[in-house]
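The following report goes through local features of one protein model, from side-chain surroundings to backbone geometry and charged contacts. Please read it alongside the sequence and the coordinates.

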Amino acid sequence: MQKTVYSFDVFETSLVRVWAKPTDLFWELGEQLRQRKLIEISADSWQQMRIKAESAAREASKTGEVTVEQIYQQLAGLLGWSTTQAQQAMHNEIALELASLRPVPAIQKRIQALQQANERVIYMSDMYLSEETIRTFLKENNVWTPGSRLYVSSEIGVSKANGKLFPHCLAQESIKASQLNHIGDNFHSDVKMAKKQGVKVEPISQTHLNRYEEQIANNTQLPLKFRSLLAGASRLTRLQSQETSPDKQVIWDTTASAVAPMLFGFVYWCLVEAQKKGIQRLYFVARDGQILQKIAQVICKKWEFRIDCRYLYGSRQAWHLPALQKIGEDELCWLLDGIDSLENILSIRSIFHRVNISPEQIQEILSRYGFPADKWDMNLQQHERNLLRQIVIEKEVTELIISTAATYRDKVIGYFRQEGLDDGVPFSFVDIGWSGNIQRSFSKLLKIAGFYPESGVSGFYFALQFRVKPFQNDSLTAYFYDVDKHDDLFFPCRYRCLFELFVAADHGSTMSYDQCGDMYIPVLRSPKNEKAINWGIYVLQDAVVKFAEQITKNLTEQECTNDLFLKAAEILAKELVLNPSFEEAKVFGSFVMSGDQTEQTFYQLAPIYSLADWWRLLLYSRHPHRDIWFPASIARDKTILGTLLGTKKINMIRQIRRDFLDALKRNFPQKAAMKTT
């Protein structure tokens, strides 16, 4: 049987750098050389000089191949270095290269499997570094196979790029081209030229920057070191995936490159702001806070933030009702949330479930308003929804709601005491968003309990699409988008359902609290969030934590600012939210969610539209549901209509319709009223 020899490219195949681009390392080298007083020029100037020196050395070489020593001879002449100084700078570069290299896990695993199977493994590299140096790199990263051989262009004088290194290796290994199986990432050198020599090829591309990483790495509004190491951290995290399912791989890759940097920046901002305000404890509110707390724990450990990060079980369902002592406009706002839009599926039972009341308890009143028992679980029409306000403010209903609220209050206050909210330690509250309603109920409960802080409660939010009137001295601060600032980040946040998926937890929502002896425990809708778990929420969370560990290893806190992470988040959010790939739209859009706090109805995050849905959207601007990820529905759509129109054209048609109706209202108010009802 013919033996097969497996050859592996080294850089960007077997090993990858923490830097997004190989030449970014030269910038960091420039900073180090400046500190050592070997150069006086800027790091940017050094980077360009280093690149040009290599080109000049290649032009002077008869073979076109150069060594690192020849490159530094060029630099010595330009900078007036002594031989010793040139040697110092060269060794500095080699040391920096070694420190920046990481093994590519999938290739490392492949090489180890070949070694165990006693297969022959060799390495090829078009590189100016010596064979000894590169072999050290491979050994230090556990990618070297004992007994293997390394072929380096700078020492042999031929390269993969010109196609001559392959015949040289075939002769040295005493094999035919058909017996060599080459694995590499470069389309020209590792694929095209190898095939031209008759060599079998296994091209890889996962080590290349994806579109998110490229957008970060190429954005000159971000400092070079920050953008390079941020994009590099995403790539390194992405390469650590061990997923075998294509859908889970999409979750991992998208999270590593887009979701994780956004969430990391938000949590870092929370910690920085808390530290500025003298906050010693952050409460990450369930369920959004589960992954956010995990990120915070990594940051606190790696960057030494001395802030106590705790997980607090809570929800609209668990806090709004116990905080209720009267029914005014604020209470009606959340109790009747969603009744004005037919895109929200609401029933009598789901509305009163928000205050833990069953329709049977107010059966006579409901019957009087035209709601017999057979209508309690039906989706309400608009004229029926209009009656809900009148039903709720009926004296008997109001009294029942207030008395029911009182029965839940002591236990939630007991839970708050148990979690240290009354111990005087300055704290803040962390949530994803979107209005601050839940913070107001939280503060009301603290006030009722007698331990509302004199300075008020500060809440940190990813985004605030609108603001409720805060409770007394409370403050609500947003990281990504704040409705009061009117910036251009509203559009990505419009699809808040997607951001809620990013922070989904592995347990059900908090319904209330029970007392067991001296302990108070949260009562969950379900111990496990099976829908999220089956979808792949653990994959998403693992990728986020891996990214947090990677970025805190590559960057120091001093090299980061909130503004830098915020700019990166803006780039990533716009790309993912507004321009998802088909695979991203399919996998993330298939997540099943509920927009209502009682979770009575579920639907996909980005449903595939039927022709009837398209018709209602174009004519009436009516989506199947209020909270959906519309650009992903477009990306998933395979109909002619969806393909031809796309998001921009559909939004333009809807805007034309709105403008037409506005003009109609101004000129013919009665007809316009008929048209819009």
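Glutamine 293 touches Phe284, Cys309, Arg310 and Tyr311 in this predicted model, when residues up to four places away in sequence are not counted. Glutamine 293 has its place in helix α13, and its relative accessibility of 13% means that the residue counts as buried, since the buried class takes in values under 20%.

Alanine 43 can be described in a similar way. This residue lies in helix α2, which spans residues 43-60, and with 3% relative accessibility alanine 43 counts as buried. Leaving aside residues up to four places away in sequence, alanine 43 is in touch with Trp27, Gly30, Glu31 and Arg34. A further distance concerns leucine 29, whose C-alpha atom is separated by 7.6 Å from that of alanine 43, although the two residues stand 14 places apart along the chain.

The backbone has some features that deserve attention. Most residues other than glycine have a negative phi, and most peptide bonds are trans. Against that background, a cis peptide bond joins alanine 286 and arginine 287, with omega at about -5°, and arginine 287 has its place in the loop between β8 (281-285) and α13. The peptide bond that leads from glycine 433 to tryptophan 434 is cis as well, with omega near 25°; tryptophan 434 is found in the loop between β10 (427-431) and α21 (437-449).

Positive phi values in residues other than glycine are found at serine 174, where phi is near 60°, and at asparagine 356, where phi is about 55°. Serine 174 is placed in the loop between α8 (165-173) and β6 (180-184), and its 62% relative accessibility makes it count as exposed. Asparagine 356, for its part, lies in the loop between α16 (348-353) and α17 (363-368), and at 21% relative accessibility asparagine 356 counts as partly exposed.

Charged side chains form the next topic. The structure holds 36 salt bridges, and the table lists some of them, with the N to O distance of each pair.

| Positive residue | Negative residue | N to O distance |
|---|---|---|
| Arginine 235 | Glutamate 12 | 3.4 Å |
| Arginine 58 | Glutamate 54 | 3.2 Å |
| Lysine 586 | Aspartate 247 | 3.2 Å |

How far apart along the chain are arginine 235 and glutamate 12, which meet in a salt bridge of 3.4 Å? The two are 223 residues apart, and the pair links distant parts of the chain, with arginine 235 in helix α11 (residues 224-239) and glutamate 12 in the loop between β1 (5-9) and β2 (15-17). Both partners are buried, arginine 235 as well as glutamate 12.

The salt bridge between the side chains of aspartate 247 and lysine 586, at 3.2 Å from N to O, also spans a long stretch of sequence: because aspartate 247 lies in helix α12 (residues 246-276) and lysine 586 in helix α27 (residues 582-589), the pair ties together parts that are 339 residues apart in sequence. Aspartate 247 counts as partly exposed at 35% relative accessibility, and lysine 586 is partly exposed with a relative accessible area of 31%. Elsewhere, salt bridges that share partners join Arg50, Glu54, Arg58, Glu65 and Glu93 into one network.

Within that network, arginine 58 and glutamate 54 form a local pair. Why are these two residues separated by about one helical turn? They are four residues apart in helix α2, and this spacing accounts for the separation of about one turn. Arginine 58 counts as partly exposed at 27% relative accessibility, whereas glutamate 54 is buried, with a relative accessible area of 16%.

A last topic is the surface charge. Lys301, Lys302, Lys546 and Lys553 gather on the surface in a patch of positive charge, to which α13 (289-303) and α25 (537-554) each supply at least two residues. One of the members, lysine 553, is found in helix α25. Is lysine 553 buried or exposed? Lysine 553 counts as exposed because its relative accessibility is 55%, and the exposed class takes values over 50%. Helix α13 therefore supplies residues to the positive patch and is also the place of the buried glutamine 293.

Notes. Residues numbered from 1 in each chain as written. Predicted model: local features only at pLDDT ≥ 70, side-chain atom pairs only at ≥ 80, totals over all residues. Heavy atoms only, no water. Patch = residues over 30% accessible without salt bridge, like charges linked within 9 Å, V, L, I, M, F, W, Y side chains within 5 Å. Areas by Shrake-Rupley, 256 points an atom, 1.4 Å probe, with all protein chains shown as cover. Salt bridge = Lys/Arg side-chain N within 4 Å of Asp/Glu carboxyl O. Lys, Arg positive; Asp, Glu negative; His and termini not counted. Charge placed at Lys NZ, Arg CZ, Asp CG, Glu CD. Buried < 20%, exposed > 50% of the residue type's maximum accessible area, 1.4 Å probe, protein only. Contact = heavy atoms within 4.5 Å.
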